[in-house]
Amino acid sequence: MTRSGPLPASPVDAAPASRALIVERRIIAGTIVLLTALSWIVLARLPSVMSASSAVPMSMSSMAAGVMHDGMDMTSRAWNARSLFVAFVMWAAMTMGMMLPSATRTALTLAGLLERRGVAERLASVRAFVAGYLVVWIGYSVAAALVQWLLQLTAMVGAAGVLGSSAAAVVLAGAGAFELTSIKEACLRQCRTPIGFLVREWRPGRRGAFVMGARHGTICVLCCWALMAVMFVAGVMSLAAMFALTLATLVEKLIPGPWPSRIVGCVLIAWAALVVAGRIGA
């Protein structure tokens, strides 16, 4: 990789963080927390917002059962452009709420690397980094909404708005198997060491920060796409499932070693086995 600019001094070798940098880190962390909270609020409010514009009252349970918006029947094949857009908004809010927290450490590390630069440059670079990260996840959200649409067209989604038992078992087993692969562990290593990632991928300026954010987002997508697919089993509007997967993602990225992902993988495979045996529903 060719770098076009000097790499800032590592925070390890630099002087202790200045008061200004400490304040900026709090602002950055607070902004990410706010964006994450707003995403969860959107997800929690989405059923009632849709119900307000529909003649049929809706709740979270009715969302899971199929009705999403003005004639958008999840159990029918008649999706229109508006239905697809609503599904995209849902997936975008979901990915932001689940994945933004895991990008906080890298964003704060980037601010530390730029400590000797001006305040405006530091904040602009961090904003560009987060924007690049989110652009990748927005792309994932588009793909997920299209997959959801295709599942409706092929009638693979049952009356409860989730995959049938056979397909659910395949998704669970596949997601669990991916958790045990070397690809998963390699992605997790990059997520666990923000300074290492930034040193390897360093690019100067706002454009460079955007590219680094996009590359970090790409690694996160490669790391978490299988876990996100579990939402098609648990229910794409299940806040409990989103919360559980968010915790699993954070634990995997914060605790070193292969055991967190192995435990998650074994749990998913066991879930798949129970679904196949008919002991529990999908």
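Student: Which residues line the second largest cavity?

Tutor: This is a predicted model. From the part of the chain ahead of the tryptophan, the lining takes in Leu110, Leu114, Arg117, Glu121 and Ser125. The rest of the lining is Trp202, Arg203, Pro204, Gly205, Ala209 and Met212.

Student: Which element gives the most to the lining of the second largest cavity?

Tutor: Two elements give two or more residues to this lining, helix 5 and helix 9 (205–229). The one that gives the most, with three residues, is helix 9.

Student: How many residues of the lining of the second largest cavity are nonpolar, how many polar and how many charged?

Tutor: Leu110 and Met212 are among the lining residues, and both Leu and Met count as nonpolar. Arg117 and Glu121 also line the cavity, and Arg and Glu count as charged. By class the lining has three charged, two polar and six nonpolar residues.

Student: How much space lies in the second largest cavity?

Tutor: The structure has two cavities of 30 Å³ or more. The space in the second largest cavity is about 40 Å³.

Student: Why is helix 4 described as largely enclosed by the rest of the structure?

Tutor: A residue is buried when its relative accessible area is under 20%. In helix 4 (residues 104–113) the buried residues include Thr104, Leu110 and Leu113. Helix 4 is largely enclosed because eight of its 10 residues are buried.

Student: Which residues are joined into one network by salt bridges that share partners?

Tutor: Lys184 forms a salt bridge with Glu179, with the closest N and O atoms 2.9 Å apart. Glu252 also forms a salt bridge with Lys184, at 3.0 Å between the closest N and O atoms. That pair links helix 11 (residues 239–254) to helix 7 (residues 182–192), its residues being 68 apart. The network is made up of Glu179, Lys184 and Glu252.

Student: Is Lys184 buried or exposed?

Tutor: Its partner Glu179 has a relative accessible area of 1% and is buried. For Lys184 the relative accessible area is 0%. A value under 20% counts as buried, so Lys184 is buried.

Student: Which residue forms a salt bridge with Arg215?

Tutor: Arg215 is in helix 9, and its partner is in helix 8 (residues 194–201), 14 residues apart. Arg215 is partly exposed at 37% relative accessible area, whereas the partner is buried at 10%. The closest N and O atoms are 2.5 Å apart, and the partner is Glu201.

Definitions and conventions:
Residues are numbered from 1 along each chain as its sequence is written. This is a predicted model: local features need pLDDT of at least 70, side-chain atom pairs count only at pLDDT 80 or more; totals for chains, interfaces and linings use all residues. Side-chain values use heavy atoms; hydrogens and water are left out. On a 1 Å grid over the protein atoms alone, a cavity is a set of points where a 1.4 Å probe fits but cannot get out, and a pocket is an open set with protein on both sides within 12 Å along at least five of seven lines; lining residues have an atom within 4 Å of a point. Grid points are joined across faces, edges and corners, and a volume is the space filled by probe spheres set on the points. Helices (H or I, at least four residues) and strands (E, at least two) are DSSP runs, numbered from the N terminus. Buried means under 20% relative accessible area, exposed over 50%, partly exposed in between (1.4 Å probe, protein chains only). A salt bridge is a side-chain nitrogen of Lys or Arg within 4 Å of a carboxyl oxygen of Asp or Glu.
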